[in-house]
Structures are given as C-alpha cells and as structure tokens.
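Good morning, colleagues. I should like to use the next few minutes to walk through one structure, beginning with its internal spaces and then turning to a few individual residues.

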Amino acid sequence: LGSSAPTAREGQPPGRHPAAAIVCGMAEFLSGIAAGAGGLRKTETTVTRRVVQADGTLVYVKTKETLTEGGFTATGPALQASPTCRQAAAPAHLVEDLLGGASSRVPQVFSVAEARWVDEAQLGGEAAQAAPMSLFRLVQYNVWFVEEQFVERAAGLLGILGATAPHCAMLQEVTAPLLELLKADLFIQKHYRLSDRSGATLAPYGVLLLVHRSVRMRHFTLHPMPTAMARRFLSAELLLGKEGGGCTSLVVGTAHLESMDYNAKMRLAQVDAIYGKSGAVPVDSAFIFAGDTNMSKPGEEEALPADIVDAFDVVGSSLPAGGATCGPHRLDRVWLRSGGGLWLRAGSLSILGRELTPRPSDHDGLLCEIALEVSADVDSARVGNSWHQHEQG
C-alpha cells in the first residue's frame with residue numbers, strides 16, 4: 001500500500017488492478033457503444049462476468065464472446081475463473097440476498113462466550129423492553145473502498161465511532177476487509193449489532209448498518225433498487241418505548257445512490273423505490289435516511305418527494321463550504337420524515353473526519369442528532385413533516 005498505490009475511482013472493485021475493473025465492465029461499456037449511432041463491427045473478446053452460484057458462491061467467469069450490434073454472444077465454453085477472483089461460499093441464509101429481492105436479515109452480535117459473531121437470536125434470553133428515547137444520534141459515512149492507507153483510515157473511522165457512540169452508523173462503500181476490522185474492534189463487539197457478518201452483501205463493496213444494542217430492533221432488510229451499479233437500500237426497524245407502555249417504530253436506512261451527473265433520473269427512481277407509494281418504506285412511517293445521495297446536479301433536489309426534510313436545511317447553515325462533504329459537493333445527506341406517531345426534528349449537524357491525517361475517506365462524515373417526540377397527531381402526509389407546524393399547532 002502507500003502513496004504509490006493507484007487511486008481508485010467510483011465503480012472500480014477494490015483489491016484488484018485497475019485493468020481488471022476495465023475488463024469486468026467491458027461488456028456493459030461496449031454494448032452501450034454498439035447500441036449507439038453507427039454501431040460496431042463484429043469483434044471477439046474475452047468478457048468477465050460476476051456470477052452468483054446456487055450455493056451463494058460468487059465467482060468471476062471469463063468467456064470468449066463475439067460483440068455485434070445485437071450485443072455479446074458466447075462463442076466458446078467458459079474459461080475457469082481465477083482463484084483470486086473467487087469468494088467463499090455464503091451461508092445459506094444469505095443466498096437470497098445475493099440473488100436479488102428484498103430479504104429480512106437477522107441482526108449479528110458478538111458472543112463473548114463463543115468469541116465470535118452470531119445471529120442475535122442465538123444468544124437467547126428475553127428481549128429487553130423498548131425504552132423511550134428523546135434524542136437519536138447517527139453517523140453517516142461513505143468510507144471509500146480503496147486500499148490506499150487502508151489500516152490508518154480504518155483506525156480513524158473506528159476512533160470516530162468510539163468517540164461519538166451513535167445509536168446507528170450508516171456506512172457506504174464498505175469492503176469485506178473493513179468489515180473484518182469492525183468485527184475485531186472491542187468497542188464494536190460490546191455495543192453494536194451488524195447487518196452482515198460474512199461480507200456476502202459487500203461484493204465488491206456495499207452498505208452496512210451498525211445499530212447500538214441498547215436500542216431494541218426487529219430486523220434489517222435489504223431491498224433492491226433500479227440500478228446499473230449494484231446499488232441496494234438497507235433498512236432497520238427500531239422499536240422505541242412510549243411513556244406509560246407500548247412502543248412505536250422508527251425506520252432507519254441507508255443507500256449509495258447512483259453516481260455521475262447523467263444518472264440523475266436513475267437517482268430519482270431509486271428515491272422513489274425507497275419513498276414511493278409502493279416503495280420499501282411505508283409512506284406513513286417515521287423514517288430517517290442517511291447516505292451518499294450523489295446529488296450535485298442543479299435543480300435535482302426540486303424533484304424530491306415533498307415529505308423529505310433535509311437536516312441541512314434545518315440546522316446546517318453554519319457548516320463550512322455550504323455543507324460540502326466530497327470536494328465542492330454536498331453528496332452526503334440526512335433526510336427526515338415524521339409519521340407513525342413520531343415527530344422527528346434535526347437538532348444538530350456536524351462534519352466528521354476532516355481534521356484527521358489521513359482522512360478516513362474521500363468523503364467527510366456527518367454526525368446528526370435528531371429530537372424525537374411521540375405524538376398521536378402525527379400525519380406526515382397532511383402536515384408535510386413540519387416540526388414547526390407541530391409546535392405552533
């Protein structure tokens with residue numbers, strides 16, 4: 001590793017030479033050209049594709065294929081995949097995630113007795129009663145999948161998580177090696193549940209949720225989205241106690257929306273897959289989204305659903321550089337939606353990691369504190385999530 005390592009870019013699988021990433025993307029790239037004006041002449045090339053086998057094993061399969069204006073056609077048997085491209089077989093309960101479709105995921109916790117991470121249900125015991133909560137603290141971070149100064153950057157991230165102790169950490173571009181460092185950290189082992197312990201959802205990188213074990217929850221869910229970049233939405237349903245008994249639910253979730261300016265329509269389709277009437281999160285639920293939205297195109301925000309409240313618009317006016325988190329752009333955001341008997345209001349928003357050397361990522365992190373109030377009169381569709389209307393009402 002070190003300064004001589006090549007700089008990775010969005011979409012390049014981690015841990016491999018840039019040339020390998022070019023080969024893996026060649027089929028989609030050339031097919032797009034073939035569909036354009038003028039077309040392509042008949043060409044034979046070697047194409048590498050990611051294939052998920054029935055047992056959950058992910059392999060990179062090379063084939064000789066012929067490119068015409070109609071796309072790629074195999075012209076020979078599959079060549080044997082390189083062992084360096086092969087990943088370990090996924091546990092049976094993760095195969096559904098790899099093959100696509102929404103699937104419920106059991107929270108993973110560290111068992112001191114077994115000295116390993118296990119399904120939370122394996123620990124047994126009676127579930128703790130949902131406790132009332134008036135303030136919710138989250139960390140949002142695109143952690144950057146590159147290998148450059150990986151250990152040092154990971155140490156910075158772990159230090160931030162230890163110092164802020166969020167109720168939930170929402171991470172993007174997480175790789176299997178980073179997951180292993182998170183799992184080995186004593187603070188994480190003691191205090192957090194993970195949405196994945198094997199790394200099966202992180203090929204070549206993906207999204208990860210950490211939920212504090214003091215917060216009661218039901219499950220994680222991994223949802224499909226329209227995408228050309230293997231993006232998915234990951235959510236968790238949390239249970240918050242009410243004064244006098246009972247509980248209400250709060251959905252938290254993260255995603256890494258499609259990158260590049262020309263994918264603005266795809267990003268809005270992904271937002272609709274999360275927020276829409278038939279989206280992943282019920283429209284009447286209290287919901288906190290934090291993630292890398294990749295929204296930088298002028299006017300793009302104007303097409304967002306009206307019930308999204310951007311925490312930056314409420315408490316971010318004092319942030320440097322207009323709240324930019326990656327270069328000059330404010331890509332990383334925290335969105336709130338009240339509902340389901342729960343009011344949400346951003347209380348504070350701050351930048352994380354900028355003062356560290358090396359910085360944990362090419363993105364800055366966000367720390368957001370959100371005030372919660374259980375109220376029977378919450379109707380997000382009617383009042384548009386305005387906490388101020390609620391207070392003045």
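Let me begin with a definition: a cavity here is a set of grid points where a 1.4 Å probe fits but cannot get out, and its volume is the space filled by probe spheres set on those points. With that in place, the second largest cavity has a volume of about 40 Å³. Please bear in mind that what you see is a predicted model.

The lining of this second largest cavity draws two or more residues from each of α8 (311–315) and β16 (332–337). Strand β16 gives the largest share, 3 residues. Among the lining residues are D310, F312, R330, D332 and R333. By class, the lining consists of 6 nonpolar, 2 polar and 4 charged residues.

The largest cavity has a volume of about 100 Å³. Its lining comprises 13 residues, and V143, W144, R153, L178 and P360 are those nearest its centre. Both α4 (150–164) and β8 (168–174) provide at least two lining residues, and α4 makes the largest contribution, with 4. In the lining of the largest cavity, 10 residues are nonpolar, 1 is polar and 2 are charged. The model has 4 cavities of 30 Å³ or more in total.

Let me now place these spaces in the overall fold. The protein has 393 residues, and 50% of them count as buried. It contains 10 helices and 18 strands. Of the contacts between residues at least 6 apart in sequence, 67% join residues at least 24 apart.

I turn next to W144, one of the residues nearest the centre of the largest cavity. W144 sits in the loop between β7 and α4. Its phi is near 65°, a positive value in a residue that is not glycine. What lies 3.1 Å from the backbone nitrogen of W144? The partner is a polar atom of the side chain of N142.

That brings us to N142, which belongs to strand β7 (residues 135–142). Is N142 buried or exposed? N142 counts as buried because its relative accessibility is 0%, and the cut-off for burial is under 20%. The side chain of N142 also makes a polar contact of 2.9 Å with the side chain of D292. Setting aside neighbours within four places in sequence, the contacts of N142 include Q172, E173, H256, S361 and H363. D332 is a further contact of N142, and D332 also appears in the lining of the second largest cavity.

A second residue of interest is R359, in the loop between β17 (342–352) and β18 (365–374). R359 and R153 are 206 residues apart along the chain, yet their C-alpha atoms are separated by 6.3 Å. R153 is among the residues nearest the centre of the largest cavity. Beyond four places in sequence, R359 touches R153, G353, R354 and D364. With D364 there is a side-chain to side-chain polar contact of 2.8 Å. R359 is classed as partly exposed because its relative accessible area is 33%.

The loop between β17 and β18 also holds P358. A cis peptide bond joins T357 and P358, with omega about -5°. Another cis peptide bond joins A203 and P204, again with omega about -5°. P204 lies in the loop between β9 (192–194) and β10 (206–212).

For the backbone there is one further residue to mention. A230 is not a glycine, but has a positive phi of about 60°. A230 lies in the loop between β11 (216–224) and β12 (232–241). A230 counts as exposed because its relative accessibility is 52%, where the cut-off is over 50%.

Finally, the cysteines. How many disulfides does a search of the whole structure find? The result is 0. C168 counts as buried, since its relative accessibility is 0%. C368 is likewise buried, at 0% relative accessibility.

To close, I would return to the two cavities with which we began: about 100 Å³ for the largest and about 40 Å³ for the second largest. Thank you for your attention.

Note on methods
Residues are numbered from 1 along each chain as its sequence is written. This is a predicted model: local features need pLDDT of at least 70, side-chain atom pairs count only at pLDDT 80 or more; totals for chains, interfaces and linings use all residues. Side-chain values use heavy atoms; hydrogens and water are left out. On a 1 Å grid over the protein atoms alone, a cavity is a set of points where a 1.4 Å probe fits but cannot get out, and a pocket is an open set with protein on both sides within 12 Å along at least five of seven lines; lining residues have an atom within 4 Å of a point. Ala, Val, Leu, Ile, Met, Phe, Trp, Tyr, Cys and Pro count as nonpolar, Asp, Glu, Lys and Arg as charged, and the others, Gly among them, as polar. A disulfide is a pair of cysteine sulfur atoms within 2.5 Å. Buried means under 20% relative accessible area, exposed over 50%, partly exposed in between (1.4 Å probe, protein chains only). Contact means heavy atoms within 4.5 Å. A polar contact is a pair of N or O atoms within 3.5 Å; within protein, one must be able to donate a hydrogen and the other to accept it, and residues adjacent in sequence count only if both atoms are side-chain atoms.
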